[in-house]
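Okay, everyone, let me put this one up on the screen. I'll talk you through it chain by chain, so have a look while it loads.

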Amino acid sequence: MSEHLPILIVLCPLVGALVVPLVARVSLRASRALTVVATLSSLACALAALRMVLDGDDWHYHLGGWAPPWGIEYVVDPLGGGMAVVVALLAALVAIYAGPHLRVYTALRGAAFDSLFLLLTSGLLGITLTGDLFNLYVFLEISSLAAYALLASGGERAVVATFRYLLVGTIAATFYLLGLGYLYALTGTLNMADLAIRLATVPPGSAMTVGVVLIVVGLAVKMAVFPLHGWMPDAYTYAPPPVTMFIAAVMSKVSAYALIRVLFFVLPAGDAVDTARAVLSWVAVAGVLAGSILALAQTDVRRMLAYSSIGQMGYVVLGLSIGNAAALTGALLHVVGHAVAKGCLFGAIGSMPRQTVQAEIAGFAGAARRAPLTMAAFTVAALSLVGMPPTAGFFSKWYLLSGALDADVWVFAAVLMVSSLLSAVYFFRVLEQVYFTESPSPPDPGQASGMPPLSWRVVVPVLTLGAAVLLIGLFNGALVTSVIQPALPEF
Amino acid sequence: MFDLLGADRPLAAVLVSLVAAALIRGVGRWAILRESCTFGAGIIKLGLVLSMVPTVLDGGVIESTRLTLIPGVTLHLRADPLGLLFALVASTLWLVTSVYSVGYMRAGRYPHQTGYFANFALCVSATIGLAFAANLLTFFLFYEVLTLATYPLVAHNRTAESRAGARKYLVYTLTAGQALLLAIVWVYSLAPDGEFRPGGMLPAGLPSTTVWGLFGLFVLGVGVKVAIMPLHGWLPVAMVAPTPVSALLHAVAVVKAGAFGILRVVGYVFGLDLLRDIGADTVLATLAAATILFGSLRAFRETHLKRRLAYSTISQLSYIVLGAAVGSVTALAGAMFHIAAHGFMKITLFFCAGAIHTASHRDDVSQLAGIGRQMPITMTAFAFAAAGMAGMPLLPGFISKWNIGLGALSTGQWVWVAVLVTSGLINVSYFFPIVYAAFFRPPHGTVSPERPAMTVPLAATAVAAVLLGVRPDIGVGFYRLAWSAAQSVVGAGIGGSP
Amino acid sequence: MSQFGAGQSQYALAAVLLLIGLYGMLVKTNFARKLMAMNVMQVAVIVFFISLAVRTGGTPPIEIEGAHEVAAAYANPLPHALMLTAIVVSVSTTGVALALLVRIHRRFNTLDESELLDRLRE
């Protein structure tokens, strides 16, 4: 069994996605349990595989026994394996978290949700593990399709936002595919490792440049970089809480992973890549500033978080556009830290009673009294996005800053500082409501007991993520030396 | 793994109040348990810090186990003379403030006391961590935690005014934090271990633009907490906090962290020679002198008692900055000693202001006529502490000022002596009328009796202040610690590399 | 690689289709038209890939006993296989998009983007 671990990581949720609707006809409880089990087993496989890879060499798994470059290859290396663990962890937590939210659904809709959710998970995991560029495209589209359906389940407004997302997403995927065509025409292979070797010998030319630009643009758009983020705030605001939690946490991060993979492990260093990185760096600067400023202007917390994501993804792009060891470490750590923190934030918001969720920042008045634990997790995650020690966000900012100073790009350092301050402003607006404003209607004991207490299935995932934000921060040294540094390309 | 009662005592001292903060949260429902946690932790912490004094006075240092923060940089705590001096002040005053807080919060029937005591403990943890931090990253870590932990304390009353004050506090301190972060990352790119070294850690031969850039960022970064003009705006506004919090801000944790930061930056990051080479010492001294005079004048004009004390703090803290900028052994020793001296005096003054507020709900200096007869212990303590502030001989303020002044004279910078004398005169003119009116004008209105839970701590700090003035080395040897720290900084500078 | 792609005209066709598609998706305000434009764009990619596979004088890559011993005489089968998958992806995307459009139309009775955004702002 264990020699098939890489494919099992992807297969567990994929099989689950197919079986869940059948099981749901018998019992919704059983299908829920199956969803959780599928994600958890995927997490277990991912952890086991990562462990083996960290102890030894990269793990090349040949699908169906066909050796590359003819067959499709799955590769578990520290970068992909680490990313798979993050995705699977978030998936497992969201699977648990979704339970109470699905109670209002009919069995059919509940099963549809779980099935799509597992499909999305499977697609994202596939992206992290595949060693084949076309396979990556397929997984990209599998996950996108599942995400469209999930996002659209949030009502009419969500449907319009989703359609816009679908258009943008498809343009991105088409660009990627087209770029792939160019690289294939140049080399005759789609296997990443093979491509990397062959591209290095191809003299730079216009075909190469076009291919690189198309691929980079496609993946960057999938990441919702500024200014192609229009669909995101609406979609995050109206989608059901577990969907927002999962998609906000991992989806753009997986695209970021794909971009890092392609830029640093497939494409040959040269003018084309340098130009792409230079363009990306200014896109990132614009995104960081615009995201932070637009987040300030929001009154709905989920919308604010969506804009904050645009800014925070800008950090990642900034890191990879600087591209030295420290900056890439920062970008990767930020991918992990931001995934965990955003999941925590959206999870905490989704756990608020329905009437306040509709409401604005003001609706958070006195929330710390009603839900002290989830709000504590919310606070920790918010501080991480601001970049306060000792959370994960501080340390990723630290690496990014030292990367920027190593590369002597002071503008980027200044942008990071400004963005931190802006995020402090918009997060403390919320925290002030949570902790230092009494809720407008004083908690009447009769009414308070009428409100159902939060289910453990909601509280535990949020707290786990909150604790993870702190732990990743405190033990980032271990994380960086054992996973991230081996994951870096050679300089 | 850890030897918490041996070499890891600096770490243990940090952890004690961290654990206490968690416990206080846990048992918050029962006031007695909650307060015993505070006192228990306070006593243990003080014990731990005191137990390190003999070793450090003998010229040793105590280093905790290093914990990796990021590859190559560790969470590194070390008890050296300067750090121990600050830690001693903080842990002593925490214990005293805890007693006072219990009295104050109960008398005022303040809500949310659990959060209050928990955050208080967290603040002290951060302060001790800051004091013992052996490298810049560790220092920054605790510096920011301190900012975050004080924010809820400033906003404690949950009124629109206190929220606004807390917001302003955050804007100032977080902005400064970012500047400091940039400076620190920059230093790490120049000196990869970032360890504080007496006499400076920066490599030789840096271009002067780099040094100026770093200097500017550092002064911005720690200058906000030490409230150097024009970065002082948050301090008077933050007076909306409950009085023990103000006492904590002013005497124990926040502004002292800034002053301590200045000393660390000047003496252990740059080294005085480097600053003199580029002329930054004069800039810093000028800033400090301007702040001293400006703070004193503003205090003179202010009629709200707590705000007057706040401006007095702004002015007094710049004595420390001035001492650091003058930079002879004597001046540095005076500056370092002033951390303790100002701590004991200022906390007494705030305790008095709080006691008056609790007993009579009076906050304005014009309403204090005759209050000395109604609250004799409080106002006597106030009188002594105020005299110390003005620099009256036999009180601790005199010793620090004398040393700073001597230091300035020995390097021929008599201007700074004039500044000190002028500020002292202004100090007299804004403190003396309060004391005079309190004792020699007829009282009006009734005042509730003094509460032991408040008078005992304030009398204790006042007595401690007086003793410190008469015998600056009494008990734990603040003065000797200050001298030994100053000598290590300057001595290393003269002798070249440490 | 020069044996790939016999002429240049099919690449021009792909480019034109791609631009038509992009133009439609960016400029048209009706969601249904945008969707059609999206399909045109996807077809462009298919044309592009299939053109890559063409080999002058090449035959379909089917093994017939006795004939075509040399692989160089086949048209490249891989792009065809890839495009089979891409067509599946494109069909699924279109399906999801149509389902979304049906829901939008039911609720708002229009598919015009600016009108929809106005409605949503209310």
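I'll go from chain A to its contact with chain B, then to one helix of chain B, and end with chain C.

Before anything else, keep in mind that this is a predicted model.

So, chain A. What does its secondary structure come to? We get 21 helices and two strands. If you lay the C-alpha trace of chain A along its principal axes, it spans about 75 × 55 × 45 Å. Now, does that fit a compact globule or not, and why? With 491 residues, a compact globule would have a radius of gyration near 23 Å, and chain A comes out at 22 Å, so the two agree. On burial, 65% of the 491 residues of chain A count as buried. And look at the contacts in chain A between residues at least 6 apart in sequence: 81% of them join residues at least 24 apart.

Next, where chain A meets chain B. How many residues does the contact take from each chain? It's 23 residues from chain A and 22 residues from chain B. On the chain A side, α17 (392–406), α18 (410–436) and α21 (476–487) each supply at least two residues. The largest share of that side comes from α18(A), with nine residues. As for what kinds of residues chain A puts there, we have 15 nonpolar, five polar and three charged.

Let's move into chain B and pick out helix α1, residues 9–26. This helix has 18 residues and reaches 25 Å from its first C-alpha to its last, close to the 26 Å expected at 1.5 Å a residue. Which of its residues are buried? Starting from the front of α1(B), there's a run from B:Arg9 and B:Pro10 through B:Leu11, B:Ala12, B:Ala13 and B:Val14. Then come B:Val16, B:Ser17, B:Ala20, B:Ala21 and B:Ile24. And what covers those buried residues? The cover includes three helices of chain B, α2 (31–57), α3 (81–107) and α4 (113–132). It also includes the strands β1 (62–63) and β4 (78–79) of chain B.

Last stop, chain C. Here we have four helices and zero strands, so reading along the sequence you just get α-α-α-α. Buried residues make up 25% of the 122 residues in chain C. Of the contacts in chain C with a separation of 6 or more, 55% are between residues 24 or more positions apart.

That's my tour, thanks for listening.

How values were computed:
Residues numbered from 1 in each chain as written. Chains lettered and ligands numbered in written order. Predicted model: local features only at pLDDT ≥ 70, side-chain atom pairs only at ≥ 80, totals over all residues. Expected span 1.5 Å × (residues − 1). Buried ≥ 20, exposed ≤ 12 C-beta atoms within 10 Å, placed from the backbone. Contact = placed C-beta atoms within 7 Å. Nonpolar A, V, L, I, M, F, W, Y, C, P; charged D, E, K, R; others polar. Rg over C-alpha atoms; globule rule 2.2 N^0.38 Å.
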